[in-house]
Amino acid sequence: MPTYFCFLALLAFKIFTTEQVDVVILEVGLGGRFDATNVIQKPVVCGISSLGYDHMEILGYTLAEIAAEKAGIFKSGVPAFTVAQPDEAMRVLNEKASKLEVNLQVVEPLDSSQRLGLQGEHQYLNAGLAVALCSTFLKEIGIEDKNGLDQTNGLPEKFISGLSNAYLMGRAMIVPDSELPEEIVYYLDGAHSPESMEACAIWFSKQIKQNQERNQKRSEQILLFNCMSVRDPSLLLPRLRSKCIDQGVDFKRAVFVPNVSVYNQVGSSTNVGTRVESMSWQFGLQRIWESLARGEAKSNSKSDSKGKEEEKSFVFSSLPVAVDWLRDNARQSKQVRFQVLVTGSLHLVGDLLRFIKK
């Protein structure tokens with residue numbers, strides 16, 4: 001049998017062929033050079049979005065190495081686009097493009113006056129790339145009028161409609177709790193790299209500030225977090241925390257749960273030992289978080305004798321148990337609205353959506 005992703009790619013190609021689709025927007029799984037999707041020999045156009053430190057155990061530990069893997073999707077004679085990249089990454093992309101005689105263009109972010117369906121400032125960068133890719137495709141198939149690549153004349157109406165109605169599950173989503181919609185609101189974002197953590201923190205902080213201006217009810221920010229063991233939480237949690245603090249948002253509590261939800265509570269003492277052992281990763285996340293909190297508390301105590309109220313962190317045996325705990329607290333604190341940031345893993349976000357919408 002092929003690997004899981006290779007199997008999914010094969011299945012996708014089979015479905016596309018059977019359904020006789022007109023257009024396929026094919027995203028790589030991890031890298032590009034050795035990616036299962038790279039069997040396409042002559043794509044119409046290629047695009048590379050913002051590069052960051054992700055899947056490093058496969059792609060490499062420097063941006064130059066990661067860029068070299070990503071550039072593996074370039075094909076001779078096929079136009080390519082990217083967004084502004086750090087110098088070391090841009091240098092590699094240009095070198096790879098030059099060897100293959102690929103016309104690599106760097107696109108600008110879409111003008112911020114354009115309303116986007118996807119939240120977050122970074123989405124204007126993605127939108128600029130999307131416009132360039134779609135415009136090139138339309139030109140290639142003979143629809144050249146108002147192709148949208150020249151934004152000075154404004155985007156075509158269909159482009160505007162697509163950008164303003166774009167929707168992506170698990171990215172910058174705001175979902176009220178199904179049982180206590182006025183008391184608990186979940187802010188969902190499947191960020192799982194250092195760069196996306198910062199983008200997530202900026203989005204969350206902006207939403208919190210806007211909500212405080214509209215709502216007189218006292219609010220409390222809570223982090224619900226988990227990341228896969230292939231990630232480095234010592235890179236993720238500090239980025240998230242410091243960026244939120246920079247934006248004026250502090251978490252009162254932090255909650256850590258397992259990767260895969262276990263839909264039963266801890267039972268006998270025998271099970272407790274097993275569950276605790278299997279949750280060592282979550283306890284490790286908690287230790288990192290508490291270490292960050294202690295460091296900030298020590299720093300604050302030097303400059304501010306009052307300091308700030310002590311924050312708390314918790315580890316729960318499953319996501320449902322954590323949600324039950326949130327609801328119990330919300331029922332007891334009716335004057336407080338819990339704003340829960342759920343991030344670190346798309347799996348966690350998906351699990352929460354399934355659970356609260358049951």
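In which sense, and over how many bridges, do strand 2 and strand 3 pair? In this predicted model, strand 2 (residues 80–82) and strand 3 pair in the parallel sense, over 3 bridges. Within that pairing, threonine 82 has valine 106 of strand 3 as its bridge partner.

**The sheet of three strands**

These strands belong to an open sheet of 3 strands, whose order is 1-2-3 and whose pairing is parallel. Strand 1 (46–48) and strand 3 (104–106) are its edge strands, each of them pairing on one side only, and the twist from one strand to the next averages 25°. Helix 4 (residues 87–99) packs on this sheet, where it touches strand 1, strand 2 and strand 3, and its direction makes about 150° with that of strand 3.

**The sheet of six strands**

Another open sheet is formed by 6 strands in the order 4-5-9-6-7-8, with mixed pairing. Strand 4 (173–176) and strand 8 (312–315) stand at its edges, and because each has a single partner strand, one side of each is left without a neighbour in the sheet. The twist here averages 20° from one strand to the next. At the edge formed by strand 4, the pairing with strand 5 (residues 184–188) is antiparallel and extends over 4 bridges; proline 176 has valine 185, in strand 5, as its bridge partner.

Helix 8 and helix 12 both lie across strands of this sheet, as the table sets out together with the corresponding entry for helix 4.

| Helix | Strands contacted | Angle |
|---|---|---|
| Helix 4 (residues 87–99) | strand 1, strand 2, strand 3 | about 150° to strand 3 |
| Helix 8 | strand 6 (218–225), strand 9 (336–343) | about 170° to strand 6 |
| Helix 12 (residues 346–356) | strand 4, strand 5, strand 6, strand 9 | about 145° to strand 5 |

**Helix 12 and the nonpolar cores**

Helix 12 is mostly covered, with 8 of its 11 residues buried. The buried residues are Leu348, Val349, Gly350, Asp351, Leu352, Leu353, Phe355 and Ile356, and what covers them includes strand 4, strand 5, strand 6, helix 11 and strand 9.

The largest nonpolar core has 28 residues, and those with the most contacts inside it are Tyr186, Leu188, Val340 and Val342. At least two residues of this core are supplied by each of strand 4, strand 5, strand 6, helix 11 (319–332), strand 9 and helix 12, while the largest share, 7 residues, comes from helix 11. Leaving aside residues up to four places away in sequence, valine 340 touches Ile184, Val185, Tyr186, Tyr187, Ile222, Leu224 and Leu326. A second core, separate from this one, has 26 residues, among them Phe204, Ile208, Leu240 and Leu285.

**A buried lysine in helix 8**

Lysine 243 is found in helix 8 (residues 233–246), the helix that lies across strand 6 and strand 9. Although lysine 243 is buried, it has no salt bridge. The nearest side chain of opposite charge is that of glutamate 198, at 4.2 Å, and since a salt bridge requires a side-chain nitrogen of Lys or Arg within 4 Å of a carboxyl oxygen of Asp or Glu, this pair does not count as one. Glu198 is nevertheless in contact with lysine 243, which also touches Ala201 and Ile202 when residues up to four places away in sequence are not counted.

Methods. Residues numbered from 1 in each chain as written. Predicted model: local features only at pLDDT ≥ 70, side-chain atom pairs only at ≥ 80, totals over all residues. Heavy atoms only, no water. Buried < 20%, exposed > 50% of the residue type's maximum accessible area, 1.4 Å probe, protein only. Lys, Arg positive; Asp, Glu negative; His and termini not counted. Contact = heavy atoms within 4.5 Å. Pairing = 2+ DSSP bridges. Axes fitted to C-alpha atoms, helices over the stretch in contact; angles between N-to-C directions. Core = buried A, V, L, I, M, F, W, Y, C linked by side-chain atoms within 4.5 Å.
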